[in-house]
Amino acid sequence: MDTSLAAAAVTAEASAPAAASTEPSAAPDASPAASSSSAAAAVAEDLAGGVAALSLDERFDLLMSIGEECIQPDELKRLLQNKPVPICYDGFEPSGRMHIAQGVVKTINVNKMIRAGCKVKIWIADWFAQLNNKMGGDLKKIQTVGRYMIEIWKAAGMNLDGVEFLWSSEEINRRANEYWPLVMDIGRKNNIKRITRCCTIMGRSDNEELTAAQIFYPCMQCADIFFLKADICQLGMDQRKVNMLAREYCDDIKRKNKPIILSHHMLPGFKEGQEKMSKSDPTSAIFMEDDEAQVNLKIKQAFCPPKIVDKNPCLEYIQYIVFPWFDKFEVVRKENNGGNKTFLTMDELVADYEAGDLHPADVKPALAKAINEILKPVRDHFNSSSEAKILLNTVKKYRVSN
């Protein structure tokens, strides 16, 4: 099979007229809105209505608020001008219980993309988790975790009307004649050194011994972007290298319209020096179905040095979770400690914290209260739904693998 056909197909897709909707997903547990052609048409109409309700600059600002980095802002604005309903791609490996950095932040970001008039394709990377030896490579367990994660986003308030969940194993098998020539062409145009530089997307270090499957992984993730016809890659900063590989591939095949990279900030763990919240260290992470007492204890024990803002995890959670969710941060304290105060901006909060007018003993209870309020609908769902409860109890029994 000639892999140059894959490059030609990708180039042709880039020059084709922009589509306002995508075909419904055939994957199990997919969004109800994608279950029929009439429902899909209604979704497209709703998204177009959202576009009409916001100005171009408002849509642009809304999307830019998602990203710590955008490559490139001028391309994003041009995309919004020329395509009524852009396709945003996000993906995840089902690899264990979901923490709030993944559950709440993704809900916030997806809802912003929907409000900006985008269609969001969430790639449930079950085959990728198997390649990366998550859940010991047991695909059945991986898919159970995937269903549990979808259940959480539903309960957390993700706007599923503009979301399409796609299982990589099903979609790749269904359109194998499109997918594998594309993967092979990307592999053919890059050397091993360039591909291994992307291994951090799997949570692996550059000098770690990789299996042959893990070497293959970046070529596949790069191919996903074109396979899903994504205009915007909305992933974390830890996925930046493979997204840049996709833009470089566009240069190789002379494709003019490159995927725009909109990378969100990676939230740290609660312990000092933890750059990323880890599922394998339960004390460093708040899980989406943690009870109120667990949340209170984890935040009480969190690293939160007085008057220091840089690399302070409690302040980062206020900035990236509490403010986007509530548009404010409320502190309740005694009058002799300054009295109650409602912060309307992060700048205002930072100024008080650096000055010592806001103490960690004020911050932590207020943060715990806000997080518990966000998580309450998720807890209620897993307590009231027998199916969701079974999923959670099953996932809790699985051993988290690195």
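Buried means under 20% relative accessible area, a cut-off worth keeping in mind for the views below.

**Figure 1. Lys 106, a buried lysine in helix 5 of the predicted model.** Let us start with a charged side chain and its surroundings. Lys 106 belongs to helix 5, which covers residues 100-115. Its relative accessibility is 9%, so Lys 106 counts as buried. Leaving aside residues up to four places away in sequence, Lys 106 touches Asp 90, Gly 91, Ala 101, Trp 153 and Met 158. You may also like to find Ile 66 here: 40 residues separate Ile 66 and Lys 106 along the chain, while their C-alpha atoms are 9.9 Å apart.

**Figure 2. Cys 304 and Cys 314, two cysteines without a bond between them.** Next comes a pair that invites a second look. The cysteine sulfur closest to that of Cys 304 is in Cys 314, at 4.0 Å. A disulfide needs the two sulfur atoms within 2.5 Å, so this pair is too far apart for a bond. Cys 304 is buried, because its relative accessibility is 9% and the limit for that class is 20%.

**Figure 3. Cys 70, another buried cysteine.** Here the relative accessible area is 14%, so Cys 70 falls under the 20% limit and is buried. Across the whole structure, a search finds zero disulfides.

**Figure 4. Helix 16 packing against helix 17.** Now for a meeting of two helices. Helix 16 spans residues 360-384 and helix 17 spans residues 386-397. Their axes lie 5 Å apart and make an angle of about 100°. Angles of 65 to 115 degrees count as roughly perpendicular, and the two helices are therefore roughly perpendicular to each other.

**Figure 5. Residues at the contact of helix 16 with helix 17.** This view turns to the side chains and backbone of the same pair. Helix 16 contributes His 381, Phe 382, Asn 383 and Ser 384. They meet Ser 386, Ala 388, Lys 389 and Leu 392 of helix 17. Sorted by class, the contact has three nonpolar, four polar and one charged residues.

**Figure 6. The whole protein, as a setting for the close-ups.** Stepping back, the protein has 17 helices and eight strands. Of its 402 residues, 53% are buried. Among contacts with a separation of 6 or more, 74% are between residues 24 or more positions apart. The protein exposes about 17,900 Å², with carbon and sulfur atoms supplying 51% of that area.

How values were computed
Residues are numbered from 1 along each chain as its sequence is written. This is a predicted model: local features need pLDDT of at least 70, side-chain atom pairs count only at pLDDT 80 or more; totals for chains, interfaces and linings use all residues. Side-chain values use heavy atoms; hydrogens and water are left out. Buried means under 20% relative accessible area, exposed over 50%, partly exposed in between (1.4 Å probe, protein chains only). Axes are lines fitted to C-alpha atoms, for helices over the stretch in contact, and angles run from 0 to 180 degrees between N-to-C directions. Helices (H or I, at least four residues) and strands (E, at least two) are DSSP runs, numbered from the N terminus. Angles under 35 degrees count as roughly parallel, over 145 as roughly antiparallel, 65 to 115 as roughly perpendicular and the rest as oblique. Contact means heavy atoms within 4.5 Å. Ala, Val, Leu, Ile, Met, Phe, Trp, Tyr, Cys and Pro count as nonpolar, Asp, Glu, Lys and Arg as charged, and the others, Gly among them, as polar. Accessible areas come from the Shrake-Rupley method with a 1.4 Å probe; for residues, only the protein chains shown count as cover.
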